[in-house]
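The questions below ask what stands behind the labels given to parts of this model. Each reply sets a value against a definition.

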Amino acid sequence: MGETDEGDPAELTDEEWRERLSEEEYRVLRESGTEAKFSGEYVDHHPDDGEYRCRACGTVLFEAETKYESGCGWPAFYAAEEESVTTTVDTSHGMRRTEVRCANCDSHLGHVFDDGPEPTGKRFCINSVAMEYDED
């Protein structure tokens with residue numbers, strides 16, 4: 001979708017988000033949903049360069065070089081653009097996880113775990129529908 005001149009995405013109403021996003025994008029990004037394992041567009045996507053942006057607002061979230069094959073069923077990255085994401089504790093579904101959200105528009109992206117590869121030891125497990133790839 002990319003950035004727009006239609007005001008601050010953090011201040012959009014629920015109705016405005018529904019107009020901008022597909023039903024599935026809205027369910028994941030605005031209602032903290034999850035796409036089915038191994039169903040996402042970027043699960044098996046392994047470019048050498050470029051970046052992954054928030055589908056809701058266009059903010060750069062991950063560099064393609066940080067993407068790796070984790071086998072978890074969702075795109076995985078070992079590092080995020082630190083200023084572009086926020087994390088909060090998520091206790092839904094009887095689990096305790098760390099949720100990852102876009103720092104710019106507060107959209108749900110996925111979760112981060114402490115079982116990733118070096119150099120960070122992190123596994124950002126992100127819904128494909130929450131991102132768009134930019135070859136840059």
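Q: What makes S3 and S4 a pair of strands?
A: The model is predicted, and two bridges join S3 to strand S4 (residues 76-77) in it. A pair needs at least two bridges, so S3 and S4 count as paired. The two strands run antiparallel, and Lys67 stands opposite Phe77 in S4.

Q: Why are S3 and S5 called edge strands?
A: The open sheet has six strands in the order S3-S4-S8-S7-S6-S5, with antiparallel pairing. Strand S3 (67-68) and strand S5 (85-90) each pair on one side only, and they are the edge strands.

Q: Why is Phe38 called exposed?
A: Exposed means over 50% relative accessible area. Phe38 has 52% relative accessibility, so it counts as exposed. Phe38 is found in the loop between H2 and S1.

Q: Why is Asp106 called partly exposed rather than exposed or buried?
A: The partly exposed class lies between under 20% for buried and over 50% for exposed. Asp106 is at 42% relative accessibility and therefore counts as partly exposed. Its place is in the loop between S6 and S7.

Q: What makes the backbone at Phe38, Asp106 and Pro119 worth listing?
A: Most residues other than glycine have a negative phi, and most peptide bonds are trans. Phe38 has a positive phi of about 60° although it is not a glycine. Asp106, also not a glycine, has a positive phi of about 65°. The peptide bond from Glu118 to Pro119 is cis, with omega near 15°, and Pro119 sits in the loop between S7 and S8.

Q: What makes a set of residues a nonpolar core, and which have the most contacts inside the largest one?
A: The members are buried residues of the nonpolar kinds, joined through side-chain atoms within 4.5 Å. The largest core has 27 residues, and those with the most contacts inside it are Leu61, Phe62, Leu109, Phe124, Ile126 and Met131. Elements giving two or more residues to this core include helix H2 (23-29), strand S2 (60-63) and strand S8 (123-126). H2 gives the most, with three residues.

Q: How do you know that Phe124 touches Phe62?
A: Contact means heavy atoms within 4.5 Å. Phe124 touches Phe62 on that basis, and among its other contacts are Phe77, Val100 and His111.

Q: Why is the empty space lined by Lys67 and Cys72 called a cavity?
A: A cavity is a set of points where a 1.4 Å probe fits but cannot get out. The largest cavity has a volume of about 40 Å³, and the structure holds one cavity of 30 Å³ or more. Its lining includes Val43, His46, Lys67, Cys72 and Trp74.

Definitions and conventions:
Residues are numbered from 1 along each chain as its sequence is written. This is a predicted model: local features need pLDDT of at least 70, side-chain atom pairs count only at pLDDT 80 or more; totals for chains, interfaces and linings use all residues. Side-chain values use heavy atoms; hydrogens and water are left out. Helices (H or I, at least four residues) and strands (E, at least two) are DSSP runs, numbered from the N terminus. Buried means under 20% relative accessible area, exposed over 50%, partly exposed in between (1.4 Å probe, protein chains only). On a 1 Å grid over the protein atoms alone, a cavity is a set of points where a 1.4 Å probe fits but cannot get out, and a pocket is an open set with protein on both sides within 12 Å along at least five of seven lines; lining residues have an atom within 4 Å of a point. Grid points are joined across faces, edges and corners, and a volume is the space filled by probe spheres set on the points. Lists of a residue's contacts leave out its neighbours within four places in sequence.
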